Amino acid sequence: MQQLKNLNYPSNAFGRFWIKVPLILRSILIGFGVSTLGVSIWTIMAISIPGPWSVLLMGAFLIFFWMYFSGKWKPPNTQAFRRFCTRKINLKRPVWIWGLIAAFLIFIIVNASFMLTFRFVEFQPEIFKNLSFLNNLPDLQAWSIIIGISMTAGICEEIGYRGYLQKPLEQKYGPIVAISISSIIFIVIHLHQAWLASIMVPIIPISFMIGYLAYATNSLIPGIIAHVSFDIILSSYWWSDVIGTFKHKPISMTGVDNHFIITFIVVLLSTVLFIVAIRKLLKLKNVAQQQTMI
């Protein structure tokens, strides 16, 4: 709480007005704005610049995006707040190891939970394949778009929602409330996409997992790695046919088969291991905090 109060907000008239806005609303607006800025830039580049060139330019922009929103450059009176929201960049080795393990487990859970969902309800490509235009593009162009989408979503949305939205709320309301709010807003922002209605159940805990990973590591980097990784598979498999498509039918039609049993075990086991990894990360975080206080 005290750390949040000590951050240097702008001292002009707008700044004095802005600080009076309730923290929840302020965090939602900033988080949404930061994320939308990056996603909008990518949309413009993808439409106006062909093929791999848009990805190269977007990669350069994302470096600038990360550096600025992590506290580089002017204005100096917002640098502390920007560094605070993007959390730590230099992580100790145990945090890196367990953070990457948790990120990998999220990647597994995302894809396995999609498979499990569509063993209960029928997969509808006409709704879900919103990137089907990629199927008709040359491989280089298709993959450049997939990588561009994944990098932009992973970096910009994690900075916006798990950084600028969630981090200030953690200081005032604690992790559960902050993560819940960031997860709800993250889902609401994606409600315009028709496919989301089919996978609402797994998306809610997955969003919460990414938020808790950011809290447990006090870093956005493991979450960004997880987000970029599973978005690559989402874009190339679930939203298009670049690497194939899901063909299994619901168990109401096929009965419980080996595919369903294995998928269920993978989801369950990965979730348990994710909890183990988070508990380990929380212990490391507590130890680090105790050492800082000594």
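User: How many aromatic pairs does a search of the whole structure find?

Analyst: The search turns up 24 aromatic pairs. Keep in mind that this is a predicted model.

User: OK, take F65 and F69. What kind of pair do they form?

Analyst: F65 and F69 make a tilted pair, with 4.7 Å centre to centre and 55° between the planes.

User: And where do F65 and F69 lie?

Analyst: Both sit in helix 4, four residues apart, which is about one turn of the helix.

User: Are F65 and F69 buried or exposed?

Analyst: Buried, the two of them.

User: What about Y161 and F186, how are those rings arranged?

Analyst: Their centres are 5.7 Å apart and the planes stand at 80°, so that pair is edge-to-face. Y161 is in helix 8 (residues 139-173) and F186 is in helix 9 (residues 175-189), so the pair ties together parts that are 25 residues apart in sequence.

User: Buried or exposed, those two?

Analyst: Y161 counts as buried because its relative accessibility is 1%. F186 has 11% and counts as buried too, since the cut-off for buried is under 20%.

User: Which residues do ring pairs link into a cluster?

Analyst: The cluster is F61, F64, F65, Y68, F69, W73, F81 and Y164.

User: Let's stay with Y164. What does it touch?

Analyst: Leaving out residues up to four places away in sequence, Y164 touches S27, I30, G31, V34, F69, F81, R82, C85, T86 and I159.

User: Now the cores. Which residues of the largest nonpolar core touch the most other members?

Analyst: That core has 64 residues, and I106, I159, Y164, W238 and F274 touch the most other members. So Y164 shows up here as well as in the ring cluster.

User: Which helix gives the most to this core?

Analyst: Helix 10, residues 200-217, with nine residues.

User: What's in the second core?

Analyst: The second core is separate and has eight residues, including L23, Y161, I181 and F186. Y161 and F186 are the edge-to-face pair from before.

User: Switching to backbone stuff. What's the peptide bond from K74 to P75 like?

Analyst: The K74 to P75 bond is cis, with omega near 0°. Most peptide bonds are trans.

User: Where does P75 lie?

Analyst: P75 is in the loop between helix 4 (51-69) and helix 5 (79-85). W73 lies in that loop between helix 4 and helix 5 too, and its phi is near 65°, a positive value in a residue other than glycine.

User: Why does W73 count as partly exposed?

Analyst: Because its relative accessibility is 41%, and partly exposed covers the range between 20% and 50%.

User: What about R87, what's its phi?

Analyst: R87 has a positive phi of about 60° although it isn't a glycine. Most residues other than glycine have a negative phi. R87 is found in the loop between helix 5 and helix 6 (93-117).

User: Buried or exposed, R87?

Analyst: Buried, with a relative accessible area of 7%. W73, at 41%, is partly exposed.

User: Last one: which residues form the nonpolar patch on the surface?

Analyst: V256, I261, F264, I265, L268, L269, V272, L273 and V276, with about 790 Å² of accessible area together.

User: Where is I261 found, and how exposed is it?

Analyst: I261 is found in helix 13, residues 258-293. I261 has a relative accessible area of 38%, so it's partly exposed.

Key:
Residues numbered from 1 in each chain as written. Predicted model: local features only at pLDDT ≥ 70, side-chain atom pairs only at ≥ 80, totals over all residues. Heavy atoms only, no water. Helix = DSSP H or I, 4+ residues; strand = E, 2+ residues; numbered from the N terminus. Buried < 20%, exposed > 50% of the residue type's maximum accessible area, 1.4 Å probe, protein only. Core = buried A, V, L, I, M, F, W, Y, C linked by side-chain atoms within 4.5 Å. Contact = heavy atoms within 4.5 Å. Patch = residues over 30% accessible without salt bridge, like charges linked within 9 Å, V, L, I, M, F, W, Y side chains within 5 Å. Areas by Shrake-Rupley, 256 points an atom, 1.4 Å probe, with all protein chains shown as cover. Salt bridge = Lys/Arg side-chain N within 4 Å of Asp/Glu carboxyl O. Phe/Tyr/Trp six-rings, centres within 6.5 Å; stacked < 30°, edge-to-face > 60°.
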